[in-house]
Amino acid sequence: MGTVIHVFTDENTEPQKGWITCHTVMWWSQNSNLPEFMFLTTRIYFVGDWYFLTLFVRRCKITTLINHKDNTKKSDKTLQAIQRVGQAVNLAVGRFVKVGEAIANENWDLKEEINIACIEAKQAGETIAALTDVSSLNHPESDGQITIFTDKTGVIKAARLLLSSVTKVLLLADRVVIKQIITSRNKVLATMERLEKVNSFQEFVQIFSQFGNEMVEFAHLTGDRQNDLKDEKKKAKMAAARAVLEKCTMMLLTASKTCLRHPHCESAHKNKGGVFDRMKVALDKVIEIVTDSKPNGETDNSSISIFAGIKEFKMNIETLRENLYFQSKENLSAMLEVILERTEDFTDSAYTSHEHRERILELSTQARRELQQLISVWIQAQSKKTKSIAEELELSILKISHSLNELKKELHSTATQLVADLLRYHADHVVLKALKLTGVEGNLEGLAEYACKLSEQKEQLVETCRLLRHVCGTEPLEITCIHAEETFQVTGQQIISAAETLTLHPSSKIAKENLDVFCEAWESQISDMSTLLREINDVFEGRRGEKYGYLSLPKPMKNNANLKSLKPDKADSEEQAKIAKLGLKLGLLTSDANCEIEKWGDQESEIIRCGRNMARVAYSLYLFTRGEGPLKTSQDLIHQLEVFADEGLQLASSVQAFSKQLKDDDKLMLLLEINKLIPLCHQLQTITKTPLQNQVFLKVDKCITKTRSMMAILVQLLSLCYKLLKKLQMENNRWVSVTNKDSVDGKT
């Protein structure tokens with residue numbers, strides 16, 4: 001019996017060049033007659049200063065590597081193919097061991113364990129290579145056929161040892177990853193404590209820059225971990241925690257700046273404290289997920305939805321078809337009562353319409369009645385084994401299942417209709433606009449009125465999220481509902497405190513900016529509710545497997561030659577993760593640029609104007625990578641990128657004009673930075689004008705990467721120009737002082 005085996009190994013011999021893939025044969029004997037194998041696929045890739053490993057196990061389409069018939073003959077061609085397999089496995093294991101040893105050298109507490117496992121893996125790989133070596137076999141010359149694997153037991157033992165040792169290394173490397181995430185979290189917490197206590201703006205700028213770098217590192221580590229999680233529930237929790245940290249990073253900047261500008265304002269400190277508290281909770285959540293631990297006394301409430309209860313109840317009643325004694329009547333009655341008790345969240349809600357409430361109560365009563373009928377028939381079936389009783393039992397099961405399905409439809413209709421109505425009603429964000437206006441006007445009475453309205457809106461959205469949670473259908477969507485509920489609860493209070501600060505200081509630019517940031521977070525969550533509603537509807541209608549195009553890349557406009565190739569595309573998780581990481585870095589660079597602009601105070605110059613415009617465009621691009629903000633179409637994106645490139649060229653021209661006032665050494669420093677910026681501007685202009693057929697993500701990736709590089713140079717230029725301007729002013733003042741002194745001396 002012939003065998004087809006595919007082994008893929010990366011040709012890179014140095015781990016630093018990327019990742020290598022090691023396919024290790026694993027013995028999987030389901031029965032003694034037909035042994036089967038699996039491949040253990042191990043990807044190892046370089047991240048930062050260490051190697052990250054992930055484990056994938058997949059069934060391969062191979063019949064067997066060792067034929068179960070001992071007298072099977074193989075041709076020379078087949079034998080040479082099997083020898084290449086053995087050599088490839090040994091080579092891949094060798095690379096795997098190199099990376100394992102590198103990890104061991106950087107982690108002394110696990111060095112001995114990893115090295116032992118690496119030695120075992122190396123020995124197993126060498127054994128497999130030796131046992132599949134053609135030169136070690138004697139070729140009979142009679143029929144051109146030879147027997148392979150004379151030491152069948154040895155190959156099996158080597159494969160098992162290889163699987164065991166590789167698994168050990170992976171588990172130990174996983175501990176390294178967890179330790180690194182914890183270490184990164186601790187660094188972020190330590191810097192946050194320093195940010196909380198900072199008193200001067202200059203000190204804040206320095207510490208926040210460090211904090212931004214640490215948050216980027218933490219985002220990378222947790223993003224990789226999220227992609228590797230196989231539990232969809234944990235993955236959803238990680239995504240929610242990371243979303244909180246990403247949005248709060250921007251809020252922290254403006255909230256802290258507002259506190260520094262208005263140190264005696266109680267509402268500003270309350271606003272800032274809320275951001276810090278939420279970030280600390282999110283950091284703790286991440287550690288709970290990666291370490292698989294829960295705080296003492298905390299219970300998991302993510303599966304208390306009505307839909308989950310109905311699903312479990314229906315599974316239990318359907319077991320009666322096979323076994324009449326598997327369930328107890330008391331247990332089924334108690335389960336149904338729990339489900340119907342939870343429907344009170346709908347019937348007691350002030351936002352549920354009268355028609356929906358009446359229908360839910362009617363279906364609940366019907367379900368109770370049909371359960372009693374089922375129990376009555378069930379008791380008869382236990383004593384009578386007739387065909388008519390069996391048919392009656394089947395009919396009772398179908399009836400109660402139908403009633404529960406009707407109840408599900410009614411609950412789903414109630415919740416989703418309420419959400420859709422709310423989204424339409426709050427689409428124009430009238431209350432937020434009114435709060436901004438009352439703040440700028442310093443209208444305390446207006447603030448009280450609209451703060452009350454926002455609180456009412458918040459309570460309505462929070463209760464709607466609770467109802468929506470009951471009809472999600474999947475645990476990950478339940479977690480998303482919980483995240484939305486918490487976001488509305490916290491952000492609503494923060495908007496009110498930010499509005500109060502602006503009302504008390506109506507001329508404060510930073511207080512206005514701070515309120516804008518919190519209002520954007522609220523609008524973003526409203527937008528996310530639309531996506532959540534669509535996903536819940538898809539699950540309910542059986543379209544759970546559908547993939548959506550990347551929400552940040554809408555359909556292109558028709559009359560735009562540059563955009564004809566930008567067709568809606570579907571992003572895989574790697575593309576989305578890559579763009580999200582680039583966007584996060586861009587957002588943090590925008591914060592750094594704003595900090596540098598803040599140093600200039602009220603000074604107005606062409607350099608500051610260009611820098612401010614570039615920072616504003618970069619922030620809108622950051623929001624675009626998240627599917628938020630003012631950029632709604634691909635045409636908007638391209639237009640903003642063109643504006644960004646033009647502003648970059650104008651900035652270069654303005655800095656060049658400023659450099660003419662400086663001495664040669666200082667002038668050279670500026671010109672070096674300008675020479676980096678100008679080519680990037682031209683490259684960005686070229687990319688925006690170049691159509692890329694069906695490669696929309698490649699184009700976005702290139703544009704965001706160029707924009708990020710330009711923002712990094714902008715931060716350097718703003719800082720350098722500010723220092724050189726101060727230096728120039730000091731020299732001019734000194735020259736004026738000396739001139740005045742000489743004039744006085746001359747008169748004397």
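**Notebook: ring pairs and charged contacts**

Lys409 is partly exposed, with 47% of relative accessible area. I note at the outset that the model I consulted is a predicted one.

**Entry 1. Lys409 and its partners**

I looked up the partner of Lys409 and found a salt bridge with Glu406, whose closest N and O atoms lie 3.6 Å apart. Both residues belong to helix H11 (residues 387-425); being three residues apart there, they are separated by about one helical turn. I recorded Glu406 as partly exposed, at 22% relative accessibility. I then followed the contacts outward: a network of salt bridges links Lys409 and Glu406 with Arg359 and Glu362.

**Entry 2. Other salt bridges**

How many salt bridges does the count come to? I noted 23.

I took up Lys676 and Glu673, whose side chains form a salt bridge at 3.5 Å, N to O. These residues lie in helix H19 (residues 664-689), three residues apart, and thus about one helical turn separates them. Lys676 is partly exposed at 46%, whereas Glu673 counts as buried at 14% relative accessibility; the cut-off for buried is under 20%.

I next examined Asp109, which forms a salt bridge with Lys179, the closest N and O atoms being 3.5 Å apart. This pair links distant parts of the chain, 70 residues apart: Asp109 is in the loop between helix H1 (76-106) and helix H2 (111-131), and Lys179 is in helix H3 (residues 152-197). I found Asp109 exposed, with a relative accessible area of 53%, and Lys179 partly exposed at 35%.

**Entry 3. Aromatic pairs**

I searched the whole structure for aromatic pairs and obtained seven. One that I looked up is formed by Phe488 and Trp522: the ring centres are 5.2 Å apart and the planes meet at 70 degrees, so the pair is edge-to-face. The cut-off behind that term is an angle over 60 degrees. Phe488 lies in helix H14 (residues 475-504) and Trp522 in helix H15 (residues 509-540), so that the pair links distant parts of the chain, 34 residues apart.

Are these two residues buried or exposed? Phe488 counts as buried, at 0% relative accessibility, and Trp522 is likewise buried at 0%.

I also recorded a cluster in which ring pairs link Phe201, Phe204, Phe208 and Phe211.

**Entry 4. Charges over rings**

Which ring does Lys329 lie over? I found Lys329 over the face of Trp378, at 4.6 Å from the ring centre. I noted further that the charged end of Lys408 sits over the ring of Phe307, 4.9 Å from its centre.

Technical notes: Residues numbered from 1 in each chain as written. Predicted model: local features only at pLDDT ≥ 70, side-chain atom pairs only at ≥ 80, totals over all residues. Heavy atoms only, no water. Phe/Tyr/Trp six-rings, centres within 6.5 Å; stacked < 30°, edge-to-face > 60°. Helix = DSSP H or I, 4+ residues; strand = E, 2+ residues; numbered from the N terminus. Buried < 20%, exposed > 50% of the residue type's maximum accessible area, 1.4 Å probe, protein only. Lys NZ or Arg CZ within 6 Å of the ring centre and 35° of its normal. Salt bridge = Lys/Arg side-chain N within 4 Å of Asp/Glu carboxyl O.
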